Amino acid sequence: MTTRRELANAVRALAMDAVEAAKSGHPGMPMGMADIAEVLWNDFLHVNPANPQWFNRDRFVLSNGHGSMLQYALLHLSGFDLPIDQLKRFRQLHSKTAGHPEASETPGVETTTGPLGQGLANAVGFALAEKVLAARFNRPGHQVVDHHTYVLLGDGCMMEGISHEVASLAGTWKLGKLVAIYDDNGISIDGEVEGWFTDDTPARFEAYGWNVIRGIDGHDAEAVAQALKAAVAQADRPTLICARTVIGFGAPNKQGKEESHGAALGKDEVAAAREQLGWPHAPFEIPDEIYAAWDHTKAGNDAEKAWNAEVAQYAIAHPELAAEFQRRLAGELPVDWAKNSQAYIAKLQSDGPEVASRKASQMTLDAFGPLLPELIGGSADLAGSNLTKWKGSLDAVADQSSSGNGNYIHYGVREFGMSAIANGIALHGGFIPYDATFLVFSDYARNAVRMSALIPAHAIHVYTHDSIGLGEDGPTHQPVEHLASLRYIPNNRVWRPCDAVESAVSWKAAIEHKGAPACLVFSRQTLKHQQRNAQQVADISRGGYVLSDPLDTTFQAILIATGSEVELAMEAARTLAQQGVAVRVVSMPCTEVFDAQPLEYREGVLPGWCRARVAVEAATADFWRKYVGLDGEVVGMTTFGASAPAPQLFEHFGFTVAHVVDAVKRTIK
C-alpha cells in the first residue's frame, strides 16, 4: 500500500526535477512542505480537477509563491490539466509553469502570487467573500455557499507589513473558514532568520483574535491532520497552524540550509536526495499507483454533482434568490443595468450639477448601488473624505448585517491590505469590489494595484484629492507623479473625470470591464458642468473625445486636458477665440481607453496634421509628451506642491488662463 510519505516524496521529486531541469527555482520550500500539502490535499481540500472553476470548491493559495513547484506538482498529481510536459518546461517561455503561480496561465491556480504576503491578503478576501455571500444566500437546509480558504505562507510573508494589516482584519472579521499554515522553517535567502526575525508569531496572531495551533511537526502527517481537523471545526475565528519544517527535506547535504532555498540542488545532490528518500524512479517518472492515490477527479466530480443537486433543490425552495445567485456567480450584470445606468448619465447631463467629482462619485453610487447588489466596497479610514458610503451602505461584517445585505467594509488605515483583499474578493466571484483612499496614498497600495492588473482582478480602486487642489495639507498629501505611475501599469485603466457626467461614465465603464481593474480619480474641489450633445456623452466612454470645436473655422491648435483642468482649458479656448485663435478642446478622462480605440477614431480626435498641441494636467508633465510631441507644450507639474489654499497653488504653479493661452500661442508656427 502506498504510504503518505511516498505520496509526499512524489511532490519532492517533481520539485527537484523541475528546478534542476530549469537550472532555476526554489526547491527547498516544496520539499519542506510536501508532507503538509499531502495531508491537506488528500484529506481536506475539496476541488474538482475537471472543473477548476467549480464555485463551491475550497480555495487554495500559495502565498510563498516562490515555491511554485509545490503547487504545480499538486495540480499535476491530482488530475488538473497540467501535464508532465509542462512541469518539464518549468520557468520556460509560454509554459503553464511560471516561476511564480499565475492565475491567468495555470488551471487550478486561484490567484497570482509573487510579492510575499499578498497571497495571504488575497486569501482574506476569499474568506470574507465566502462569509458575506453565505449570509446573503444560504437558507435553513440550503448551504449553497460553504467552502474553506487554505493558504500556505512562510517567514517572508510574515515579515512583510501587509501580513500585519490583513491578519488583523481577518481576526476582527471572525473569518472562521480561513486556515493559514505557516511554514516555520527558520530560513530565508540570507540564511537563518533568527538574526532578523525574532517576533513571537503565535502570540501576534493570538492578539489579532486568531485560533493558533502551535508547535506542529510539519513532517508528522498525523499531527498535521489533527491540526487541520481542529482548524476546520473552528467556526468564528481564523486559524493559524504553526508547523516546524526542514527546508529542502530529503537533500542530505543541503536540507535545513539556505542553499536549498533559491537555487537548483545540483545533479549530485538530487541523486543523493533520491537515495535518502528511497525514491528510485527516473526524473519526472511517477508510478501508476502514486498517480492513482493522488487522483482527485472522481471525488471532485462527485462533490460538484452533489452541490449541483443542492442548488437545484435551493432553486425550487427559493427561486428568486437562486436566480440572483446564479447571475452573480456568472458575473452577469442585471438585465436593466445598461438602460438604467445610461438614463442616469443622461439625466446628469441634463441637470448639470456642479460638484466635486468625489461628490459626483457618491451620487453615482447612490444611483448605481441599488441596481448592483454585487457591489461591495470600503475605504481606508477616509469614508467621509472619499465619499464612498452611499445611502444603501450597510456594514458587511457587523452583527446587524446577518441578513446578508452588508455591502460596506471598514478597512481602517490599511491601504495596501485593503487593495489586496479587494483582489481576493474579485477573484472569489459574486462581487464587484471597490476600495478607496487619497490618491497620494496609492503609493502604499500600488503593488496590489499592479497585481490587480497582472492577475487580472476586476477590482475598482477609488482615489480622491487628486492634485495640488488638495490645498493646505501640503506636498506630503498632494499627488504629483501618482497619475503617471498608475497609468504606466499595463492593463490598468485610470479615469480622471472632469465633471459629474464623466464621473458617472467612469464608474459605468469600470463596472462593465471585467478583464482589468480600474482606478477612478476624483477631485476635492467643485468642478463646472460641461455642455455636451448626445454623441459627446456617448464618446466619453471612448476615453477621449472632442469637447469643444470652433464654430465657423478650422482649429489651429488642440488643448488636451483631464479632470479639474478641463474647465481651465475651456476658459483658455474662449479667451483665445476672442483673440482670433481657433482652438479644439479634447477631454481625455482615460488615456488607456483612448489609446485602444481604432486609429480612425483617434485621428478624428487628435489629427496628425495639427502639431500645435498643449496638454494641461496638474500632475507630472512628461507623461503627456506622447500626445503633444516635442514640438508641443505641457502645462503640468515638474516639482512637488506646496502648502497653501488651492486657488493660490494653481496660480503659483501656472494653471491659469494666461499661462495656457501663452503656451498655445507658442506652439502655433
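Which residues lie nearest the centre of the largest cavity? In this predicted model, they are Val 47, Pro 52, Phe 80, Gly 108 and Glu 110, which belong to a lining of 13 residues.

**Cavity and pocket**

The count of cavities of 30 Å³ or more comes to one. The volume of the largest cavity is about 90 Å³. By class, its lining divides into eight nonpolar, two polar and three charged residues.

The largest pocket has a volume of about 680 Å³. Its lining comprises 29 residues, and those closest to the centre are Ala 426, Leu 427, His 428, Gly 429 and His 458. Two elements give two or more residues to this lining, namely helix H13 (319-330) and helix H17 (415-428). The lining of the pocket consists of 15 nonpolar, seven polar and seven charged residues.

The two spaces are set out below.

| Space | Volume | Lining residues | Nonpolar | Polar | Charged |
|---|---|---|---|---|---|
| Largest cavity | about 90 Å³ | 13 residues | eight residues | two residues | three residues |
| Largest pocket | about 680 Å³ | 29 residues | 15 residues | seven residues | seven residues |

**The parallel sheet**

An open sheet of five strands follows the order E1-E2-E3-E7-E6, and its pairing is parallel. The edges are formed by strand E1 (59-62) and strand E6 (211-217); each has a single partner strand, so one side of each is left without a neighbour in the sheet. On average, and with direction ignored, neighbouring strands of this sheet are turned by 15 degrees against each other.

At one edge, E6 pairs with strand E7 (residues 239-244) in the parallel sense over five bridges. Within this pairing, Ile 216 stands opposite Ala 243 of E7. Helix H8 (residues 201-208) lies across strand E3 (178-184), E6 and E7, and runs at about 160 degrees to E6.

**The mixed sheet**

A further open sheet, also of five strands, has the order E14-E16-E15-E17-E18 and mixed pairing. Here strand E14 (545-548) and strand E18 (633-637) occupy the edges; because each has a single partner strand, one side of each is left without a neighbour in the sheet. From one strand to the next, the twist averages 25 degrees.

Strand E17 (residues 613-620) and E18 are joined by four bridges in the parallel sense. One residue in these bridges is Val 614, whose partner in E18 is Glu 633.

**A helix pair**

Two packed helices are described by the angle between their axes and the distance between the axes. For helix H14 (residues 337-351) and helix H15 (residues 357-368), the axes come within 10 Å and cross at roughly 145 degrees. The crossing of H14 and H15 is right-handed. From H14, the contact involves Trp 337, Ser 341, Tyr 344 and Leu 348, while H15 contributes Met 363, Thr 364, Ala 367 and Phe 368. These contact residues comprise six nonpolar, two polar and no charged.

**Backbone features in loops**

The peptide bond between Ile 455 and Pro 456 is cis, with omega of about -10 degrees. Pro 456 is placed in the loop between helix H18 (442-454) and strand E11 (460-464).

His 94 is not a glycine, yet its phi is positive, at about 70 degrees. This residue, His 94, is found in the loop between helix H4 (84-88) and helix H5 (118-137).

Note on methods. Residues numbered from 1 in each chain as written. Predicted model: local features only at pLDDT ≥ 70, side-chain atom pairs only at ≥ 80, totals over all residues. Heavy atoms only, no water. Pairing = 2+ DSSP bridges. Axes fitted to C-alpha atoms, helices over the stretch in contact; angles between N-to-C directions. Left-handed = near helix turned anticlockwise from the far one by under 90°. Contact = heavy atoms within 4.5 Å. Nonpolar A, V, L, I, M, F, W, Y, C, P; charged D, E, K, R; others polar. 1 Å grid on protein atoms, 1.4 Å probe; cavity = no way out; pocket = protein on both sides within 12 Å on 5 of 7 lines; lining within 4 Å. Points joined across faces, edges and corners; volume = space filled by probe spheres on them.
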